[in-house]
2 protein chains.
Amino acid sequence: MTPEEQRINDKLVGVYNNIVQIEEIELKKSQFKDLSIKEIHTINAIGMYHRKTSSQVAQALNVTPGTLSVSINNLVRKGYAERLRSEDDRRIIHLGLTRKGRLMYRVHQAFHRKMVQSFLRGLNEPEVQMVERALDNLQYFLDQHQGD
Amino acid sequence: MTPEEQRINDKLVGVYNNIVQIEEIELKKSQFKDLSIKEIHTINAIGMYHRKTSSQVAQALNVTPGTLSVSINNLVRKGYAERLRSEDDRRIIHLGLTRKGRLMYRVHQAFHRKMVQSFLRGLNEPEVQMVERALDNLQYFLDQHQGD
DNA sequence: CATTATTATTTTGATATTCAAAGTAGTTGG
DNA sequence: CCAACTACTTTGAATATCAAAATAATAATG
């Protein structure tokens, strides 16, 4: 790698490594100490409105249905999520958040908002667009490596 | 969040989620199928030269010494890493990579290089600097949330 | 309409990752 | 020398994960 590539790689890796960790720390400071980061991401994937099915949420999280099922068991036990059997097709489970789950969702959204605002601090509009372009580039690269 | 914040947040999250997953896929295509992503990151943290101690590597990876110890047991068993007891102070363990571990290190570096190059594709020098600034911003935000 | 196939989800058994706390071994200061 | 400290390892418990088997509901077919 050129020194510049190395430097940017290090920054990407640094940011990458810190993000989960900070989320973990923020979490432990909050009122939701009984949740792991994975569980928070599951709550996020379930989202605010009772619509998605188990399979859809599993797909969004890139885990098998079995993995999700176990994790939903825990979230139900802890009072953050609920299962809602579809009346149309009784095989299907719609997932939803409880009041406590929705509160958690909003707290985590607020954290992400602060993070994004900080990411963009001091950048003007064309600069923001450029950052978006770099992110799109990176996503394109990742998509290309997805299937093969 | 404003629509723009939401869009950039989604891109960050998208990139974030894909990276581990792609690394996992690349890995399974490679000759190192017996390693997990976590183990690769551990190999990376150990680095090419026999210098870092167990504690330093644990700190770099943000895991407890116990976690690292377990993980090093596995890497030693699989032939990627070795423990070198310090002669100066026999409590201290220096970690090193075997030939196989160093090979793995280089393969993973090459992947990162491709990733960074793709991230910066089509950007000129001032644009690259801007992206770096955004990354610095984000890191600054993360650092601020580190200690408190 | 009864049986078979398909679909959605859950359970189970196995392995990995992680932490906190207890344990082991080496060093240092009094 | 012994108490305190430091570096690391082990252990026990929780979560995370998958593949495969199990359950249950619906759809399709003869």
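This is a short tour of a predicted model, with stops at DNA strand D and at the interface of chain A and chain B.

**Stop 1: DNA strand D**

Select DNA strand D and show the protein residues within 4 Å of it. The selection should hold 24 residues. The closest of them come from both chains: S36(A), K38(A) and T67(A) on one, S55(B) and R83(B) on the other. Coloured by type, the residues of this surface fall into 10 polar, 8 charged and 6 nonpolar.

Now turn to the DNA side of the contact. Of the atoms of strand D that come within 4 Å of the protein, 80% belong to sugar and phosphate.

**Stop 2: three phosphate contacts**

Select T64(A) and show its backbone. One of its backbone N or O atoms lies 3.0 Å from a phosphate oxygen of DNA strand D. Next, pick R90(A): here a polar backbone atom is 3.1 Å from a phosphate oxygen of the strand. Then go to chain B and select S69(B). In S69(B) a polar side-chain atom takes part, at 3.0 Å from a phosphate oxygen of strand D.

**Stop 3: the helices beside the DNA**

Show the ribbon and colour α2 (37–46) and α4 (65–77) of chain A, then α3 (54–61) and α4 (65–77) of chain B. Each of these supplies at least two residues of the surface near DNA strand D. Which element gives the most to that surface? It is α4(B), with 5 residues.

**Stop 4: where chain B meets chain A**

Hide the DNA and colour the two chains separately. In this interface 55 residues of chain B are in contact with 55 residues of chain A. Together the chains bury about 5800 Å², and carbon and sulfur atoms carry 60% of that area.

For the charged pairs, look for the 9 salt bridges found across the interface. One to select is R113(A) with E5(B), where the closest N and O atoms are 3.1 Å apart. Counting residue pairs in polar contact, with both residues at pLDDT 80 or more, gives 22 between the two chains.

**Stop 5: the chain B side**

Keep chain B and select α1 (3–29), α5 (99–120) and α6 (125–147), the elements that give two or more residues to the side touching chain A. Of this side, α1(B) provides the largest share, 20 residues. Coloured by type again, the chain B side divides into 24 nonpolar, 16 charged and 15 polar residues.

Terms used:
Residues numbered from 1 in each chain as written. Chains lettered and ligands numbered in written order. Predicted model: local features only at pLDDT ≥ 70, side-chain atom pairs only at ≥ 80, totals over all residues. Heavy atoms only, no water. Polar contact = N/O pair within 3.5 Å; in protein donor to acceptor, adjacent residues only side chain to side chain. Helix = DSSP H or I, 4+ residues; strand = E, 2+ residues; numbered from the N terminus. Nonpolar A, V, L, I, M, F, W, Y, C, P; charged D, E, K, R; others polar. Contact = heavy atoms within 4.5 Å. Buried area = accessible area lost by both parts, 1.4 Å probe. Salt bridge = Lys/Arg side-chain N within 4 Å of Asp/Glu carboxyl O.
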